[in-house]
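User: I'd like a close look at one part of this protein, and then a walk through whatever else helps me picture the fold. Keep it relaxed, please.

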Amino acid sequence: HLDSLDIVNCVQALEQLIQGEPPPAAPPPPDRPVLARLPWSLADGLCPSQLGRRPNDGPIICVKKGNTMKTKKKVLKITGIVLLTLLVLFCIASPIVVQILMNDTFARTEPPEPGLTSSILYEDIADRYDREPVSFLSGENRLAGHLYCGDNPEGLVVISHGLGGGEGSYLPEMMYFADHGYQVLCYSNTGCWDSEGKNCIGLNQSVLDLDAALTWVEGESRFDGLPVFLFGHSWGGYAAAAIFHFDHDIAASASVAGFNEAMPMIMEWGKGMIGPLIYLEQPFIWLNQKLTFGDTFGLTAVDAINSTDTPVLILHGNEDTTVGYDTVSIISKKNEISNPNVRYLVCDVDRRNGHNSLFYSLEALDYADEINEIGARIDEQYDYDAPEEVLREYYASVDKFRVKELDQGFMESILTFYRDAVK
């Protein structure tokens with residue numbers, strides 16, 4: 001920076017140049033460089049970066065370091081405020097979004113309308129299988145169901161259905177067990193079919209409802225002395241294994257395509273819907289379900305199986321994409337199971353190794369492909385809005401018993417397991 005002495009020296013040198021006299025060298029201050037030798041004018045207000053430049057060298061922008069640092073700090077502060085605001089909004093919105101998603105995923109289910117389904121309804125078999133209505137409480141909701149063939153002597157099979165179904169969804173399996181001498185209890189979980197509940201609540205609800213069903217059974221003297229067997233699929237497959245966390249006298253259980261734990265199953269579904277973004281919502285999903293189910297939320301099928309020596313049959317299709325065979329299924333935790341009376345059945349026959357297809361014969365699957373092709377043509381013809389009379393004509397042409405024909409080997413493996421358990 002220039003002080004007053006520097007300016008005086010420069011002015012004197014300039015006057016001598018104008019008069020044609022060479023300027024004498026001014027004695028420099030002891031510790032400062034000579035600035036008066038510069039052969040051009042220095043104007044007031046020049047910054048250090050202008051020293052050594054001629055007037056025609058072009059403009060110079062002088063940036064002050066202090067201002068630059070202040071600007072950076074201001075930008076960082078604004079960015080931090082924006083990010084914090086977004087985080088707060090995300091934390092506020094996420095619980096609401098998660099609850100909406102849960103309500104949608106576990107929405108109420110209704111029974112199929114007669115004449116508009118390929119499923120076997122009780123009216124199709126009423127002349128062959130007697131039944132009586134039953135009901136019992138699960139929490140605050142009364143669940144509805146039926147006891148089939150109440151005079152059969154071999155034992156009682158309690159069926160826990162899958163998500164989206166109800167008590168009538170497994171009538172072919174009920175018929176099989178009844179034909180082999182068993183009474184069968186079919187009921188609808190909370191929020192399903194004729195049972196109370198505004199929705200199905202969540203994945204852990206199936207084991208709570210099965211606990212309520214078995215509590216009702218144990219309160220009925222007519223079942224005294226009868227061995228009780230469990231059969232569950234998917235949502236019900238989890239229940240048929242996790243039920244051993246509760247205190248019931250069970251002779252044997254068959255868990256078909258069951259998942260081991262609720263939270264990993266929810267995350268598996270979430271990844272399929274929105275990909276890795278589901279992990280951002282994971283804490284809020286956990287909190288939502290923990291508040292809903294309490295300690296029940298952490299119950300795993302494997303821990304329950306290991307808590308008993310009751311025989312348990314684990315069945316799963318090796319191409320199951322709903323309850324992943326290698327990821328979230330009970331059978332994927334095989335190495336963690338210590339119950340010596342557990343048996344495993346892997347369904348690996350092509351086309352019979354999925355989540356639902358493992359029940360049915362290959363002939364039934366072939367026939368299902370045929371009628372599905374006809375249905376697809378109807379959908380295309382009417383742009384997925386076919387008149388009701390067209391749909392009724394289509395379903396009337398379907399042979400329900402043919403399309404729901406069970407694979408005998410699959411069912412016999414379960415029946416044999418039941419019989420061996422009570423020998």
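Is Asp383 buried or exposed?

Analyst: Asp383 counts as exposed, because its relative accessibility is 63%, and the cut-off for that class is over 50%. Keep in mind that this is a predicted model. As for where to look, Asp383 sits in the loop that links helix H9 (362–381) to helix H10 (388–396). Its backbone is worth a glance too: phi is near 55 degrees, a positive value in a residue other than glycine.

Now hop over to Ala257, which also has phi near 55 degrees, again positive and again in a residue other than glycine. Ala257 belongs to the loop between strand E6 (252–256) and helix H6 (262–274). Here the relative accessible area is 0%, so Ala257 is buried.

Strand E6 takes us to helix H5, since E6 is among the elements that cover the buried residues of H5. The others in that cover include strand E3 (156–160), H4, strand E5 (228–233) and helix H8 (301–306). H5 itself runs over residues 235–242, and eight of its eight residues are buried, so the rest of the structure largely encloses this helix. Read along H5 and you meet Trp235, Gly236, Gly237 and Tyr238, followed by Ala239, Ala240, Ala241 and Ala242, each of them buried.

H4 deserves its own look. This helix covers residues 205–218, and its 14 residues should span 20 Å at 1.5 Å a residue; the end C-alpha atoms are 20 Å apart, so the two agree. Eleven of the 14 residues are buried, which means that H4, too, is largely enclosed by the rest of the structure. Among the buried ones are Asp209, Asp211, Leu214 and Trp216.

How do H4 and H5 meet? Their axes come within 8 Å and cross at roughly 60 degrees, which makes H4 oblique to H5. The crossing is right-handed. On the H4 side, the contact uses Gln205, Ser206, Val207 and Leu210, while H5 brings Trp235, Tyr238, Ala239, Ala240 and Ala242. By type, the residues of this contact split into seven nonpolar, two polar and no charged.

Another helix pair to look at is H3 (residues 171–179) with H12 (residues 408–421), which pack at an angle of about 50 degrees with axes 11 Å apart. H3 and H12 are therefore oblique to each other, and H3 passes H12 in a right-handed crossing. Glu173, Tyr176 and Phe177 of H3 make the contact with Gln408, Met411, Glu412, Ile414, Leu415 and Tyr418 of H12. The mix in this contact is six nonpolar, one polar and two charged.

Last stop: Lys400, in helix H11 (residues 400–403). You may want to check this lysine on screen, because its relative accessible area is 14% and it is buried. Leaving aside neighbours within four places in sequence, Lys400 is in contact with Thr117, Ser118, Ser119, Ile120, Leu121 and Asp124. Take Ser118 from that list: it is 282 residues from Lys400 along the chain, yet the C-alpha atoms of the two are separated by 5.6 Å.

Notes:
Residues numbered from 1 in each chain as written. Predicted model: local features only at pLDDT ≥ 70, side-chain atom pairs only at ≥ 80, totals over all residues. Heavy atoms only, no water. Helix = DSSP H or I, 4+ residues; strand = E, 2+ residues; numbered from the N terminus. Expected span 1.5 Å × (residues − 1). Buried < 20%, exposed > 50% of the residue type's maximum accessible area, 1.4 Å probe, protein only. Axes fitted to C-alpha atoms, helices over the stretch in contact; angles between N-to-C directions. Parallel < 35°, antiparallel > 145°, perpendicular 65-115°, else oblique. Left-handed = near helix turned anticlockwise from the far one by under 90°. Contact = heavy atoms within 4.5 Å. Nonpolar A, V, L, I, M, F, W, Y, C, P; charged D, E, K, R; others polar.
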